[in-house]
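This report introduces a structure to a reader who has not met it before. The sequence and the model are shown first, and the description follows.

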Amino acid sequence: MAVPNFLKQFNQYMFDQYSKDGGKLLIHMGAAGWVFSSLAQIGMLLGDKSIDKKEKKFLLPQESVDAVVNVLMSYSVCDLIKRGGDHFVENGKFVTDKVAKDILAIAPKNANFDKNNWKDIFTKEEQKTKISKLLENSDKLDFAKNFNESEKKVLKEAAQKALNTFENHKNNVGVVTAIASSILACNLITPYVRNKVASKVQKKLQHNEDVEIRKQQISKNITMKGPLPTSFKAFNNYNTFSGLKI
């Protein structure tokens, strides 16, 4: 049976987006999980006939606010922390000995630099660039500007090996930061923010409900009692919005 074209395209898209970045996949799937669980909760409230309309007036806005807070806080906190981890790796502040060794291997044998500091193979200006970009464009590095084609070929092979090692390391760091940030966001930050926001929403809804009840009480107390004497006919339609004070 032939695989549908749209499925092939979807598989290719998923591979291109997440094969080298498992942390991003975890964050996106986590956010998607919050979206679907929130929709399920709201759908349950809408479809549950045992909950009266008055109670739903409170529950639906509160659940909707909870859903927005859960999704936004979970995604934003996790994505921010993961980006921070990626930044540290790309700028060489957090690399393993294996990564450093493979990067050092791309330097010319006769190069004059500190063998214990892999960053020395790059110029000060190059050090401001992401490591992955430097390795992807190894033939444009300063020390390779006078290389012949044969030397550039050897350099590219060594740089590709170093890039693979570096990307594996970056992917591992991304997964760890995504998991750690998810625990932090879901168990500490999101519940705190959600409770604060839900409290304000609940107070607002309660205030609106109290105002509505008061309007009904005033209306019933004045317009539904026995009719006023003829001399008070002008006051028969009095309500709370008339501005009259007694």
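What span should the 38 residues of α3 have at 1.5 Å a residue, and how far apart are its end C-alpha atoms? The expected span is 56 Å and the end C-alpha atoms are 54 Å apart, which agrees; the expected value is 1.5 Å times one less than the number of residues. The model is predicted, so local features need pLDDT of at least 70 and side-chain atom pairs count only at pLDDT 80 or more, while totals for chains, interfaces and linings use all residues. Residues are numbered from 1 along each chain as its sequence is written, and side-chain values use heavy atoms, with hydrogens and water left out.

**Overall architecture**

The chain has six helices and zero strands; helices (H or I, at least four residues) and strands (E, at least two) are DSSP runs numbered from the N terminus. Of the 246 residues, 28% count as buried, where buried means under 20% relative accessible area, exposed over 50%, and partly exposed in between (1.4 Å probe, protein chains only). Among contacts (heavy atoms within 4.5 Å) with a separation of 6 or more, 64% join residues 24 or more positions apart.

Two helices can be set side by side.

| Helix | Residues | Expected span | End C-alpha distance |
|---|---|---|---|
| α2 | 26 residues | 38 Å | 37 Å |
| α3 | 38 residues | 56 Å | 54 Å |

**Along α2 and α3**

Buried residues in α2 include Gly22, Ile27, Ala31, Ser38 and Leu45. Helix α3 contains Asp66, which counts as buried because its relative accessibility is 13%. Beyond its neighbours within four places in sequence, Asp66 is in contact with Arg194 and Ala198. Just after α3, Gly92 takes a positive phi of about 75 degrees. The loop between α3 and α4 holds Thr96, which counts as partly exposed because its relative accessibility is 33%. Thr96 and His169 are 73 residues apart in sequence, yet their C-alpha atoms are 7.7 Å apart in space.

**The nonpolar cores**

A nonpolar core is a set of buried Ala, Val, Leu, Ile, Met, Phe, Trp, Tyr and Cys residues joined through side-chain atoms within 4.5 Å. The largest core has 23 residues, of which Ile103, Ile106, Ile121, Phe122, Leu135 and Phe143 touch the most other members. Two or more of its residues come from each of α4 (97–104), α5 and α6, and α6 gives the largest share, six residues. A second, separate core of seven residues includes Met73, Cys78, Ala178 and Ala185.

**The largest pocket**

The largest pocket has a volume of about 550 Å³. Of its 21 lining residues, Asp21, Asp86, Glu90, Lys130 and Lys170 are the closest to its centre. A pocket is an open set of points on a 1 Å grid over the protein atoms alone where a 1.4 Å probe fits, with protein on both sides within 12 Å along at least five of seven lines; lining residues have an atom within 4 Å of a point. Helix α3 gives the most to the lining, with seven residues. The lining divides into three nonpolar, four polar and 14 charged residues, with Asp, Glu, Lys and Arg counted as charged, Ala, Val, Leu, Ile, Met, Phe, Trp, Tyr, Cys and Pro as nonpolar, and the others, Gly among them, as polar.

Definitions and conventions:
Points joined across faces, edges and corners; volume = space filled by probe spheres on them.
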